[in-house]
Amino acid sequence: MTLGKLKWLIAGIAIALAVVLALSITLICTKHSHRFVECHYNDEVHFLVCPDDEVKNSEGEAHNLVWAYNEEYHWHKCSYKSGEAACQWNDEATNYQAHNFDENGVCECGYQKS
Ligand SMILES: [Zn+2]
Ligand SMILES: [Zn+2]
Ligand SMILES: [Zn+2]
């Protein structure tokens, strides 16, 4: 084999590799569209995550605080929901407080004395 032929061979292989690489990158990019179906959260914010590649849809939004309660105590939880994904954040562990009834026997959380 002459040096000239070898050069062409190497160039051919390089081009073939580049084409394969470009094709596979295009394939990966077009094949996957994120499914933001999992809601993850920390103490301040929640965000949706694609379970296939752990990509977030945003840096997070503040929790949407609503009251949660049982017969004796109340605390906050987040009411955020997007399709099947719901934020599970609550402050039950840190802000679990007894009801504070007014003269009508109603607490600010909405719970009514029975
Ligand atoms: Zn994804
Ligand atoms: Zn939340
Ligand atoms: Zn209450």
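Here is a walk through the structure, one selection at a time.

**Before you click**

This model is predicted, so a few limits apply: local features need pLDDT of at least 70, side-chain atom pairs count only at pLDDT 80 or more, and totals for chains, interfaces and linings use all residues. Residues are numbered from 1 along each chain as its sequence is written, while chains are lettered from A and ligands numbered from 1 in the order in which they are written.

**Stop 1: the whole chain**

Show everything as a cartoon. You should find one helix and nine strands; these are DSSP runs numbered from the N terminus, H or I with at least four residues for a helix, and E with at least two for a strand. Along the sequence the pattern reads α-β-β-β-β-β-β-β-β-β.

Now turn the model around. The C-alpha trace spans about 100 × 25 × 15 Å along its principal axes. The radius of gyration is 28 Å, whereas a compact globule of 114 residues would come in near 13 Å. That radius is taken over C-alpha atoms, and the globule rule is 2.2 Å times the number of residues to the power 0.38.

Next, colour residues 1-31 and 34-114 in two shades, since the domain assignment calls these domain 1 and domain 2. Such bounds come from an automatic or database domain assignment. The C-alpha centres of domain 1 and domain 2 are 53 Å apart.

How much of the chain is buried? Buried residues make up 8% of the 114. Buried means that 20 or more other C-beta atoms lie within 10 Å of the residue's own; exposed means 12 or fewer, partly exposed is in between, and the C-beta atoms are placed from the backbone.

**Stop 2: strand 2 and its partners**

Select residues 45-50, which are strand 2. For pairing, DSSP has to find at least two bridges between two strands.

- Strand 1 (residues 38-41) runs antiparallel to strand 2, joined by four bridges. Look for Y41, whose bridge partner in strand 2 is H46. Three residues sit between strand 1 and strand 2 in this hairpin.
- Strand 3 is antiparallel to strand 2 too, with two bridges. Here V49 stands opposite K56.
- Strand 4 (residues 61-62) also joins strand 2 by two antiparallel bridges. Check V45, which is bridged to A62.

Stay with the hairpin of strand 2 and strand 3, which has four residues between the strands, and click on E54. Its phi is near 60°, a positive value in a residue other than glycine. Is E54 buried or exposed? E54 counts as exposed because it has 9 C-beta neighbours inside 10 Å.

**Stop 3: H46 and the core**

Go back to strand 2 and pick H46. This residue is buried, because 23 other C-beta atoms lie within 10 Å. Its contacts, leaving aside neighbours within four places in sequence, include C39, Y41, G60, C78, C87 and W89. A contact here means that two C-beta atoms, placed from the backbone, lie within 7 Å. H46 and W89 are 43 residues apart in sequence, but their C-alpha atoms are 8.2 Å apart.

Now select C39, L48, C78, Y80, C87 and W89 together: these six make up the largest nonpolar core. A nonpolar core is a set of buried Ala, Val, Leu, Ile, Met, Phe, Trp, Tyr and Cys residues joined through C-beta atoms within 7 Å. Click on L48, and you can trace contacts to residues including F36, C39, N57 and A85.

**Stop 4: the open sheet**

Select strands 5, 6 and 9, which form an open, antiparallel sheet in the order 5-6-9. Strand 5 and strand 9 (97-98) stand at the edges with a single partner strand each, so one side of each has no neighbour in the sheet.

Zoom in on strand 5 (residues 65-69) and strand 6 (residues 73-78), an antiparallel pair with five bridges. L65 stands opposite C78, and three residues lie between the two strands of this hairpin. On to strand 9, which two antiparallel bridges join to strand 6; the partner of Y73 there is A98.

**Last stop: E92**

Where is E92? E92 is in the loop between strand 8 (85-86) and strand 9. It counts as partly exposed because it has 14 C-beta neighbours inside 10 Å. Finish by drawing a line from E92 to F47: their C-alpha atoms are separated by 20 Å.
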